[in-house]
Amino acid sequence: MYRSVQNNQPQQLNQKIISHYRSLKRRNEIFTVILLWIFLSCGFFFSLFFITDKHYPEKMASYDQQLVSLKQERADIETGKVTETKKSFDTVLQENLDNLKEYPEQENNYSVVIDGTDSNLVINKNNIFVSDNANMLDATVKKKIYDLNKQLAASTNGAQLEVVTVRNLPRGEDIESYANKIFNQLGIGNKDENNGVLYLVALTDRKFRLEVGYGLEGLIPDGVAENIINDDAVVDEFKEENYDTAVNQVVDQVFALMNTKTALVDSKINQVEAQKNSARFAHGSLFILLVIIIIVSSFSIVRLIRARKVLKSNYNEYQEQMTTYSNEIDQNDTQLLLEKIKQTNLYYIMLSGTSLISSRRSLRRAITRGRLLKNPAAQQKAFGRILIGDTLYSGNGDILTTAYLASNYNSSNWSDNDSSGNGSGGSSWGSFGGGSSGGGGASGGW
């Protein structure tokens with residue numbers, strides 16, 4: 001019975017080697033088919049989007065036409081050929097002010113509950129542009145903001161600059177969400193133009209937010225808004241509690257962008273140019289991506305086909321060797337037959353544990369790795385490395401070190417101490433940080 005089992009060992013090993021070869025061959029074929037499908041699909045999409053597609057040139061032409069029209073409109077406004085209809089202050093602000101007048105010293109306050117929060121704002125009917133609920137601003141700043149809005153009413157189509165201060169943010173609200181709710185509920189700026197700006201300051205929370213209406217996002221994009229409110233000088237003034245100076249600087253910079261006859265046209269031009277650049281970038285990125293995939297997949301297909309041929313050659317060689325061994329070696333001499341089988345490349349490939357032969361190089365690596373693993377003392381290490389005695393080999397079979405135990409390849413020699421040897425501890429990492437921006441504005445704090 002024991003001799004029968006021994007005699008079957010070469011046959012069992014032979015079947016195992018052939019089974020592994022067929023498995024590798026099948027995986028190679030499946031992977032080749034997948035890559036071929038990717039290659040053909042990308043080729044089809046490439047042809048569809050970049051050879052026969054007429055939509056992209058038409059889209060670019062549409063952007064160009066819009067820009068030409070808008071720039072002509074801006075030029076006509078600047079030269080006086082087109083005179084925009086000027087709305088009187090009382091018409092623009094008909095729901096808030098009775099008429100255009102000088103800054104009223106006397107306040108006429110009323111309270112507004114901000115929907116979706118547990119807070120309310122006190123608003124002065126005589127100066128709706130400043131709601132100083134945190135008592136941070138003096139009368140001079142309030143009058144200045146009022147006068148700036150008078151200029152906006154005279155030179156723009158209902159643009160408004162609103163400053164709101166609160167003692168603290170309502171429960172469950174951050175500075176961005178609260179600013180958005182105030183902006184939309186109060187209806188800052190012209191309804192059709194969406195050309196309002198809100199500057200919200202939360203004193204106790206030490207946060208501020210510049211919320212920009214959609215119509216001005218091209219003129220005051222997020223990056224510009226962030227530069228204005230997070231300017232070092234502004235932040236320093238807040239830290240020193242010079243709130244009037246800080247708010248003054250922010251208001252001056254925002255007003256300079258808003259107070260122009262062509263503000264809305266400039267904003268639209270910036271938006272169209274941004275859309276055009278975005279479309280061009282997306283189109284170019286898709287072009288590059290498809291080209292890369294087509295090149296990589298075609299190159300990989302060629303490598304797989306070549307690898308399959310070499311693998312097939314190794315299989316044919318193995319079959320010839322097995323025929324030779326059967327004729328030359330006594331079938332009862334199982335140990336010699338097993339040893340001969342274990343010297344074949346196909347056995348080394350099986351022993352390497354590789355699951356896919358994707359190139360001729362990977363096949364050579366598998367053979368080399370199998371030869372090393374055949375050694376009874378071989379130990380598999382991380383990253384495909386193999387340790388035999390005190391010699392460490394790479395997955396390619398290259399010798400990495402002949403003194404593994406004393407080398408840095410041995411994890412037991414690793415230390416958390418710094419290079420100076422002062423034993424101060426492990427590595428030190430910086431902490432991540434950032435702020436909130438986007439969605440039409442920017443946030444900050446002091």
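## Phe287 and its partner

Let's start with Phe287, which is partly exposed in this predicted model, at a relative accessible area of 36%. Its ring forms an aromatic pair with that of Phe46; the two centres are 5.4 Å apart and the planes meet at 40 degrees, a tilted arrangement. Phe46 belongs to helix H1 (residues 2-51) and Phe287 to helix H9 (residues 263-328), so this pair ties together parts 241 residues apart in sequence.

## An aromatic cluster

Across the whole structure, a search finds 7 aromatic pairs. Another tilted one joins Phe208 and Phe238, at 5.2 Å centre to centre with 40 degrees between the planes. Here strand S6 (residues 207-212) supplies Phe208 and helix H7 supplies Phe238, 30 residues apart.

Are these two rings buried or exposed? Phe208 has a relative accessible area of 0%, so it counts as buried, and Phe238 is buried too, at 1%. Together with Tyr243, Phe208 and Phe238 make up one aromatic cluster.

## A negative patch

On the surface, Asp232, Asp236, Glu240 and Glu241 form a negative patch. Glu241 sits in the loop between helix H7 (232-239) and helix H8 (243-258), and at 55% relative accessible area Glu241 is exposed.

## Helix H11 and Gln66

Helix H11 (residues 345-352) has 6 of its 8 residues buried, so the rest of the structure largely encloses it. Those buried residues are Leu346, Tyr347, Tyr348, Ile349, Met350 and Ser352. Just after H11 comes Gly353, with a positive phi of about 80 degrees.

Finally, take a look at Gln66 in helix H2 (residues 55-79). Gln66 is partly exposed at 34% relative accessibility. Its C-alpha lies 8.2 Å from that of Ile269, although 203 residues separate them in sequence.

Terms used
Residues numbered from 1 in each chain as written. Predicted model: local features only at pLDDT ≥ 70, side-chain atom pairs only at ≥ 80, totals over all residues. Heavy atoms only, no water. Buried < 20%, exposed > 50% of the residue type's maximum accessible area, 1.4 Å probe, protein only. Helix = DSSP H or I, 4+ residues; strand = E, 2+ residues; numbered from the N terminus. Patch = residues over 30% accessible without salt bridge, like charges linked within 9 Å, V, L, I, M, F, W, Y side chains within 5 Å. Areas by Shrake-Rupley, 256 points an atom, 1.4 Å probe, with all protein chains shown as cover. Salt bridge = Lys/Arg side-chain N within 4 Å of Asp/Glu carboxyl O. Lys, Arg positive; Asp, Glu negative; His and termini not counted. Charge placed at Lys NZ, Arg CZ, Asp CG, Glu CD. Phe/Tyr/Trp six-rings, centres within 6.5 Å; stacked < 30°, edge-to-face > 60°.
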